[in-house]
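Trainee: I am new to this structure and would like to learn how to read its features. Could you take me through them one at a time?

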Amino acid sequence: MRQALVLGFVAVFAAGPWPQAAAQTEDEVNAEFEKFRAVLEQDNPAELWEVKGEELWKTPRGPKNASLEKCDLGLGPGMVKGAYVQMPRYFADVDRVMDAEARIVHCMITLQGFTYAELAKAPFSSATRTPDPVSIVTYVAAQSAGMKLAPSQSHPKEKEAYTLGKEIFNFRGGPWDFSCASCHGLEGKKRIRTQLLPNFANPATAIAAVQAWPGYRMTGGVMHSLQWRLSDCFRQQRLPKPDYASETLSLLLTYLTVNASGHVYKGPGIKR
Amino acid sequence: MADPMKIRATLQGDVADVRVLMAHPMETGQRKQAGKAVPLHFIQSITAQLNGRTVFSADISQAISRNPVFAFKVKGAKAGDKITVTWKDNKGETRTDETTVRAGS
Amino acid sequence: MLQTRRTVTFGLAAALGAALLKPLSALAAWNQGAFQAKSALDGMKALGITNAQDSGDIVIRAPDIAENGAVVPMDITSNIPGTTSISVFIEKNPFPYTGTFEFAAGAVPFVHLRAKIGESTPVRVVVAAGGKFYTTAKEVKVTIGGCGG
Amino acid sequence: MKLKTLALLAGGATILASCATGPGGTHREAVRLMQRDFKPVGIAGMDRLKQDELQAACNKYNNDPPKEAADGLQKAQYATVKWPADGKLLGNWKEGEKVAQRGRGMAWNDKPGKTSRGEPNGGSCYNCHQIGPATTSYGTIGPSLYQFGKLRGYGMDIQRYAYGKIYNAKAYNACSEMPRFGHSGTLTEQQMKDLTALLMDPASPVNQ
């Protein structure tokens with residue numbers, strides 16, 4: 001009897017066919033991705049690092065036992081709300097343009113006494129470790145959720161950063177002759193495999209360069225920031241490795257963020 | 001020490017919509033790091049209580065995604081009720097966090 | 001001696017854990033046999049699930065094509081009166097039995113979860129209600145992606 | 001011009017900015033910063049930031065060189081193609097399919113000629129092209145290559161075009177986004193023959 005029941009089950013299994021996946025065309029596949037992207041965004045593990053980042057921001061730490069509440073992200077010491085969407089921006093104390101994570105690293109060095117070498121040693125998240133600046137930038141970014149991207153372009157160095165960033169974006173080099181633009185300067189909804197490639201040179205679609213970063217990456221289940229994303233782009237371009245929180249990356253981020261100006265930033269997101 | 005969960009419980013009518021984020025690697029035992037397999041490490045059991053009474057529980061495998069996310073719904077909840085969630089993993093580590101049910105917007 | 005103490009300690013911890021977790025009826029202990037089964041069928045056998053009937057009253061909301069197999073979101077709802085638990089089997093995973101979710105004291109028979117899916121597979125759900133089992137399945141495809149998003 | 005100078009003076013950024021005024025100057029400054037801020041990793045040495053003549057020209061012309069310049073660049077690139085000594089251009093399409101599927105090689109953790117996993121370098125072909133009918137997750141940066149031989153004919157001229165294009169895509173389109181797989185030492189002669197077979201063998205699934 002029992003045997004029969006189990007066999008009955010096999011029959012149910014074998015009976016199929018399974019409901020055929022309805023999505024077929026590229027547009028339908030992408031619509032399907034978008035629909036469930038919204039589901040995933042509703043409860044985003046990124047929030048776990050947002051909480052952690054807030055604690056790291058407010059807790060006295062480092063050799064100088066200081067919190068980051070005196071860190072100036074461009075709106076004055078300790079002002080976090082709305083700061084992220086106005087970066088990268090020019091900072092007179094370093095006489096250069098800095099993106100959010102570069103500025104956080106700068107504050108951790110100057111206010112808390114950490115060294116660049118220790119922060120840059122393993123700056124990207126792994127399955128078992130999320131570096132502090134990644135958690136902090138997630139917290140800082142979350143405080144700009146729902147605001148329009150408005151990186152300043154009033155200082156000459158900010159304007160210069162844009163033009164230099166554009167050059168870096170278009171720089172073709174390495175064994176495969178790639179530039180950032182090889183994948184992200186193309187019109188016409190091109191894809192790598194199934195992944196859509198938004199054109200970051202076009203203000204209409206450039207928001208995709210910065211939206212949802214910092215992001216919880218489903219592959220590996222780790223929290224990553226734009227520093228990681230840009231570094232990985234250069235790896236895939238087969239170029240050498242950009243220094244963590246370096247000026248080159250701030251310049252490139254200036255170009256990308258200025259192109260995306262005016263679009264609403266939704267806060268830390270979820271990535272493939 | 002495991003990182004805290006993030007729990008949200010929002011009323012929709014008299015149903016509390018409870019959403020839980022957990023920080024856990026959920027290692028399958030298959031992943032390799034520096035050539036060595038990372039040992040199996042995953043949450044096995046979850047229990048949720050409303051004002052001390054168990055309403056939802058689960059036994060799960062390592063196939064649940066890293067940093068697990070669950071949502072469930074409890075009828076008859078009121079604003080201010082206490083929701084407690086506990087997980088326990090295969091290494092015996094456990095973590096409990098709680099939140100209060102909030103009125104929906 | 002050490003051995004004994006460890007056993008005792010473990011026993012105590014387990015007892016405390018059990019008291020804390022207050023498992024519901026069927027979830028007396030994490031069912032190792034079911035979780036280690038290599039097929040959905042063997043997993044069900046280990047759980048004592050037999051004669052499950054196809055049901056249109058179980059709704060699985062999951063992507064037809066998942067963007068990333070590492071995180072496949074699903075909403076599972078049972079509209080069968082008296083539902084006490086929902087069990088999930090990802091048939092082509094190495095260990096298909098993924099979990100059982102139990103509902104009591106006003107919990108609605110609904111769960112949202114996110115699972116790892118290694119390759120395109122049917123996701124089978126079994127609902128226990130009134131001492132009987134009901135089932136349905138949904139096919140989820142997994143694709144190859146691009147770079148870092 | 002005068003206005004620009006004034007603005008620069010006002011910003012107090014004269015020295016840096018003044019050498020970055022013209023487009024060439026901006027390019028040079030960007031390259032200088034990249035060379036300062038990048039570090040070599042494994043096989044990815046700093047030489048990779050030194051543009052060759054073709055890369056520099058494509059940057060200069062914004063990837064759209066005037067015809068005369070394009071002709072000259074293409075001629076120079078065509079001259080780099082090393083044709084197989086045995087005169088045979090078709091290898092094994094089954095091996096070619098593997099090369100087309102594989103997307104690894106030439107990056108930080110890879111080894112010379114091999115991926116970090118010890119496999120031969122891949123051609124990443126499916127990343128950008130539709131090729132065989134069985135693979136639906138293909139990219140669209142390049143044109144579809146499905147039925148490549150069937151549509152164009154299986155003659156030696158088309159074989160040479162396919163092999164040459166894989167070896168050095170810039171010989172046919174100066175600022176193409178396609179890598180120069182032979183010229184860059186990414187793929188071996190045998191791998192390029194296998195890819196040519198994938199496109200040109202009448203028995204290949206591509207031509208069914």
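Trainee: How much space lies in the second largest pocket?

Mentor: Happy to help, and please keep in mind that this is a predicted model. Rolling a probe the size of a water molecule over the atoms shows where empty space is left. Here, the second largest pocket holds about 1000 Å³ of space. Its lining counts 45 residues, and the closest to the centre are R37(A), A208(A), Q211(A), A212(A) and K271(A).

Trainee: Which kinds of residues make up the lining of the second largest pocket?

Mentor: They divide into 23 nonpolar, 10 polar and 12 charged residues. Helix α2 (residues 26-42) of chain A gives the largest share of this lining, six residues.

Trainee: Why does the second largest pocket lie between domain 1 and domain 2 of chain A?

Mentor: Look at who supplies the lining: domain 1 (1-43) and domain 2 (45-271) of chain A both give residues to it, so the pocket lies between them. The C-alpha centres of these two domains of chain A are 38 Å apart. As for direct contact, seven residues of domain 1 of chain A touch eight residues of domain 2 of chain A.

Trainee: Let us go back to the helix you named. How many residues does α2(A) have, and how far does it reach?

Mentor: A good way to read a helix is to set its span beside the expected one. α2(A) has 17 residues and reaches 25 Å from its first C-alpha to its last, close to the 24 Å expected at 1.5 Å a residue.

Trainee: Which residues of α2(A) are buried, and what do they pack against?

Mentor: The buried ones are V29(A), N30(A), E32(A), F33(A), F36(A), R37(A), V39(A) and L40(A). In chain A, the buried residues of α2(A) pack against β5 (195-196) and β10 (269-271). Their partners in chain C are β2 (58-61), β3 (65-66), β4 (72-78) and β7 (107-115).

Trainee: Now for enclosed space. How many cavities of 30 Å³ or more does a search of the whole structure find?

Mentor: A cavity differs from a pocket in that the probe fits inside but cannot get out. The search finds four cavities of 30 Å³ or more. The largest cavity has a volume of about 180 Å³. It is lined by 16 residues, of which Y84(A), D99(A), A100(A), L226(A) and L253(A) are the closest to its centre. Three helices of chain A, α4 (100-110), α10 (226-236) and α11 (247-259), each supply at least two residues of that lining. By class, the lining of the largest cavity has 11 nonpolar, three polar and two charged residues.

Trainee: What is the volume of the second largest cavity, and which helix gives the most to its lining?

Mentor: Its volume is about 70 Å³. α2(A) gives the most to the lining, with four residues. Both chain A and chain C appear there: the lining includes F33(A), F36(A), R37(A) and L40(A), along with I65(C) and A66(C). The classes in this lining are nine nonpolar, one polar and two charged.

Trainee: I would like to try a helix in another chain. Why is α10(D) described as largely enclosed?

Mentor: Count its buried residues: 10 of the 12 residues of α10(D) are buried, so the helix is largely enclosed by the rest of the structure. α10(D) covers residues 189-200 and reaches 16 Å from its first C-alpha to its last, close to the 16 Å expected. Among what covers its buried residues are α6 (93-101), α7 (125-128), α8 (148-152) and α9 (156-167) of chain D.

Trainee: Last topic, the backbone. Where is the residue P214(A), and what kind of peptide bond joins W213(A) and P214(A)?

Mentor: P214(A) sits in the loop between α9 (207-210) and β6 (215-217) of chain A. The bond joining W213(A) and P214(A) is cis, with omega about -10°. The peptide bond from M87(A) to P88(A) is also cis, with omega near 0°.

Trainee: Is A212(A) buried or exposed, and what is its phi?

Mentor: A212(A) counts as buried because its relative accessibility is 10%. Its phi is near 70°, a positive value in a residue other than glycine. N65(A) has a positive phi too, near 45°, but N65(A) counts as exposed at 53% relative accessibility.

Terms used
Residues numbered from 1 in each chain as written. Chains lettered and ligands numbered in written order. Predicted model: local features only at pLDDT ≥ 70, side-chain atom pairs only at ≥ 80, totals over all residues. Heavy atoms only, no water. 1 Å grid on protein atoms, 1.4 Å probe; cavity = no way out; pocket = protein on both sides within 12 Å on 5 of 7 lines; lining within 4 Å. Points joined across faces, edges and corners; volume = space filled by probe spheres on them. Nonpolar A, V, L, I, M, F, W, Y, C, P; charged D, E, K, R; others polar. Domains from an automatic or database assignment. Expected span 1.5 Å × (residues − 1). Buried < 20%, exposed > 50% of the residue type's maximum accessible area, 1.4 Å probe, protein only. Contact = heavy atoms within 4.5 Å.
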